[in-house]
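Please report on the empty spaces, the sheet and the backbone of this model. Keep it brisk.

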Amino acid sequence: MEKTPHYASYVEILREELIPAMGCTEPIAIALAAAKARQALGMEPEKCRVEVSGNIIKNVKAVTVPNTGGLKGIEAAAAAGVVAGRPDLELEVLSQVTPEEITAIGAFLGDREIRVLPMQGDRVFYINVTLLAEDHSACCEIVDYHTNITRIQRDEEVLFQKAGGESETPQQTDRSVLSIEEIIRFADCLDPEDVREVLERQIAYNTAISEEGLRGGWGAEIGRTLLSVYGDNVAIRAKATAAAGSDARMSGCELPVVIVSGSGNQGMTASLPVITYARDRGASEEELLRALAVADLVTIHQKTGIGRLSAFCGAVSAGCGAAAGIAYLLGGRYDVIAHTVANTLAICAGMICDGAKPSCAAKIAAAVDAGILGYQMYMHGGHQFVGGEGIIQKGVENTIGNVGRLAREGMRKTDQEILDIMVGR
């Protein structure tokens, strides 16, 4: 089958987005910055200053940092990066912490001054960790997304600076080429070998942490609750598997996941329901890989207009992606998938993000449920929410654009109010 116009770009987007991470990605990004700063300083720091944007504060405040003995918050993430971070491992920076280092992290928190300062300005994603020792200092700055290191400096010497500084790295593939129609055509003509490595890793990693969550003992056990209360049909299992992964991840599980749009929760939400449906119907590996490509790319497409962090819950975007992947797996193409996405957004586009924490698992379950309902609505009688009803506009791309506008522009004040509530202002 003839390749789509942006086939190579779509493959590259999947490779760029579907990367492993251990722990919630915002505290891990702080740990990464701290580890890089410690490497640049070259000695044990006496003091630490962490300057972060409001959305980073929101997403780190209540989530457990992995491999710290259950510690939470910005100070814990910075201390872990300084004491035990492996700076070359990027979002797996805390994956090799030893038991002795866990003890040392706690000691560092008790002995050293760690100041957290809100960043001044309206940048959504900003982290700058500065370490001081004797008469020396070192800092690492991360801007716009979790691995985008823009500056590393020791004293007055700039060791690394990215050209363009505060803008998105030019190496990132242009996401504006994404559309629902071409995503589906891309999946139809996809050579699975082009994406097998990243998608098989997504299946393996995300399934493993979901299974760990279902074993119990993590968070509010949303995944286990769904199965025990509502039964064992495929729609319930689809919600439960995604929620269980978040149960474990938000409560400090040390298993890695494959993220989407910079988020482990979104990576699990987009993929695990599709994997569940594929296994239920005995789909081939090729069918699963094509459906996962749809789920991931639909999620990324929606998040492109929203941004990495906002007051708009990313589980909604990923729930749409999961529903699109399920619809594709079950034989749906453009008409079905477009209406599934629009229906889902009409149902739950108002869900807020109030930071990373155990309740994310319940929001994931709700988003996947809305996605499955949006699909079933259209499949049983062609039911749909139509243009002019709320934020829905004729043409799925217009509706996606409206949601991006709502999240990016309309919810700025909401984002600040959420942060003020969370920090008690």
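Five helices each give at least two residues to the lining of the largest cavity: α2 (25-41), α9 (234-250), α10 (264-280), α12 (314-329) and α14 (360-379). The model is a predicted one. The count of cavities of 30 Å³ or more comes to 1. The largest cavity holds about 310 Å³ of space. Its lining has 29 residues, and Asn59, Ser263, Asn265, Gln266 and Cys353 are the closest to its centre. Sorted by class, the lining of this cavity has 10 nonpolar, 12 polar and 7 charged residues.

The pocket is a separate topic. About 1,100 Å³ is the volume of the largest pocket. Its lining numbers 41 residues, with Asp122, Arg123, Val124, Phe125 and Leu309 nearest the centre. Here too helices contribute: α3 (54-60), α11 (285-306), α15 (396-410) and α16 (412-423) each supply at least two lining residues. The classes in the pocket lining are 13 nonpolar, 14 polar and 14 charged.

**Two lining helices**

Take α2, from the cavity lining. This helix has 17 residues and reaches 24 Å from its first C-alpha to its last, close to the 24 Å expected at 1.5 Å a residue. How much of α2 is buried? The count is 15 of 17 residues, so α2 is largely enclosed by the rest of the structure. Gly42 follows α2 and has a positive phi, near 80°.

Now α11, from the pocket lining. Its 22 residues should span 32 Å at 1.5 Å a residue, and the end C-alpha atoms are 32 Å apart, which agrees. α11 is mostly covered, with 17 of its 22 residues buried. Gly307 comes after α11, and its phi is positive, near 100°.

**The sheet**

What is the strand order in the open sheet of 6 strands? The order is β3-β2-β4-β5-β6-β7, and the pairing is mixed. β3 (113-118) and β7 (157-161) are at the edges; each has a single partner strand, so one side of each is left without a neighbour in the sheet. From one strand to the next, the twist averages 10°.

β5 sits between β4 and β6 in the order. On one side, 8 bridges join β5 to β4 (residues 126-133), and the two run antiparallel. Thr130 has Cys139 of β5 as its bridge partner. On the other side, β5 (residues 136-143) pairs with β6 (residues 149-154), again in the antiparallel sense, over 5 bridges. Cys139 has Gln153 of β6 as its bridge partner. Cys140 is bridged to Ile152, also in β6. In a regular strand, side chains alternate between the two faces of the sheet. Of the 8 residues of β5, 6 are buried, so this strand is largely enclosed by the rest of the structure.

Two hairpins belong to this part of the sheet. The hairpin of β4 and β5 has 2 residues between the strands, and Glu134 takes a positive phi there. The hairpin of β5 and β6 has 5 residues between the strands, and there Asp144 takes a positive phi.

**Positive phi outside glycine**

Most residues other than glycine have a negative phi. The table lists residues with positive values, including two from the hairpins.

| Residue | Place | Phi |
|---|---|---|
| Glu90 | loop between α4 (74-84) and α5 (99-111) | about 50° |
| Glu134 | hairpin of β4 and β5 | near 55° |
| Asp144 | hairpin of β5 and β6 | near 75° |
| Glu221 | loop between α7 and α8 (222-230) | near 55° |

Are the loop residues Glu90 and Glu221 buried or exposed? Glu90 has 42% relative accessibility, so it counts as partly exposed. Glu221 is also partly exposed, with a relative accessible area of 24%.

**A helix residue**

Thr207 lies in helix α7 (residues 196-215). Its relative accessibility is 9%. The cut-off for buried is under 20%, so Thr207 counts as buried. Thr241 is 34 residues away along the chain, yet the C-alpha atoms of Thr207 and Thr241 are separated by 8.0 Å.

How values were computed: Residues numbered from 1 in each chain as written. Predicted model: local features only at pLDDT ≥ 70, side-chain atom pairs only at ≥ 80, totals over all residues. Heavy atoms only, no water. Pairing = 2+ DSSP bridges. Helix = DSSP H or I, 4+ residues; strand = E, 2+ residues; numbered from the N terminus. Axes fitted to C-alpha atoms, helices over the stretch in contact; angles between N-to-C directions. 1 Å grid on protein atoms, 1.4 Å probe; cavity = no way out; pocket = protein on both sides within 12 Å on 5 of 7 lines; lining within 4 Å. Points joined across faces, edges and corners; volume = space filled by probe spheres on them. Nonpolar A, V, L, I, M, F, W, Y, C, P; charged D, E, K, R; others polar. Expected span 1.5 Å × (residues − 1). Buried < 20%, exposed > 50% of the residue type's maximum accessible area, 1.4 Å probe, protein only.
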